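Please look over the sequence and the structure below. A short report on them comes after.

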Amino acid sequence: MQLFGWPADIDAPQRIGERLQGVLFDIDRTLYDDDEYAHGQITALIARFARQFDEEPASAHRRIKEWQRTWSETNAGARQSLGNTFASLGVPIETSVRWREAIIEPEKHLQHDQRLRRAMELIRTRGSRPDAPRLPLVVVTNNPVSTGMRSLAALGVDDLVDKVVGLDTTMRSKPDAAPFRAALDRVGCDAASVVCVGDRYDVDIAPALALGIGGVLVDGVTDVYQLPALFGFNAPGDRSDRTAGATGA
Ligand SMILES: [Mg+2]
């Protein structure tokens, strides 16, 4: 887990917590670790893309990879999302939204996660402080809003999230700035008081930093369990202020 974009003097968890006014979360490989499911979404979408162009999936996959490699070379090594790649290759975002709604089935792969729920509750309540205003939690996903909601429901945390910003909210896919701006609008505070939590630096962290939002790069949900400690939001009676090895950057 690595913290980006916040000055070194704010490393102390209590001070991070005092400054926080909102937290943005990615979903896939951030709120769950099922690589098979995350990768399966991509495989299924590429198969649907191949069918659209009457092409073998392996051929379509090569064509997509080649386009992404060229794009990366001309964009300082950054990576392009699948949704934006499809759009560049002739599949409008609106079509991607319909495909994803039809193909992706979170309920078949995800289960309630009590540790995730506990961590998000502690963040939302700033460590179960009854007097503290609730911290807005906004999910920013490259799947449609309905798919994101289904994923959150399958994980048992949908009631803890204030808003889902999805592909169909702005018709733009991370790392475009538009979904992050939509999330900031919902949080309703200065970008410098918000952090974005995600597993991909190019897609979740770099575009957030460009808007002045802080970033927490995680290696899956196990790191998310440690976020209350990173933010100084431990439960009453829990004196631990471990930061789970987080480092400023
Ligand atoms: Mg992700």
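The report covers confidence, domains and one helix.

## Confidence

This is a predicted model. Over the protein chain, pLDDT averages 91, and 92% of the residues score at least 70.

One stretch is an exception to good scores: residues 240-245 have a pLDDT under 50 throughout. In the model, these residues have 16 contacts beyond four places in sequence. Where pLDDT is low, the predicted coordinates should not be read in detail.

## Two domains

The protein chain is divided into two domains. Domain 1 is made of two pieces of the chain, 2-34 and 111-248, while domain 2 covers 35-107. Their C-alpha centres lie 26 Å apart.

The contact between them takes 20 residues from domain 1 and 17 residues from domain 2. On the domain 1 side, the elements that give two or more residues are helix H7 (145-155), helix H8 (167-170) and helix H10 (201-210). H7 has the largest share, with five residues. Sorted by class, this side of domain 1 has eight charged, six polar and six nonpolar residues.

## Helix H6

Helix H6 spans residues 114-124. Its buried residues are Ala-119, Met-120, Leu-122, Ile-123 and Arg-124.

What do the buried residues of H6 pack against? They pack against two strands, S2 (22-25) and S3 (137-140), and against two helices, H11 (221-225) and H12 (227-230). After H6 comes Arg-126, which has a positive phi, near 50°.

Methods:
Residues numbered from 1 in each chain as written. Predicted model: local features only at pLDDT ≥ 70, side-chain atom pairs only at ≥ 80, totals over all residues. Buried ≥ 20, exposed ≤ 12 C-beta atoms within 10 Å, placed from the backbone. Helix = DSSP H or I, 4+ residues; strand = E, 2+ residues; numbered from the N terminus. Contact = placed C-beta atoms within 7 Å. pLDDT = per-residue confidence, 0-100. Domains from an automatic or database assignment. Nonpolar A, V, L, I, M, F, W, Y, C, P; charged D, E, K, R; others polar.
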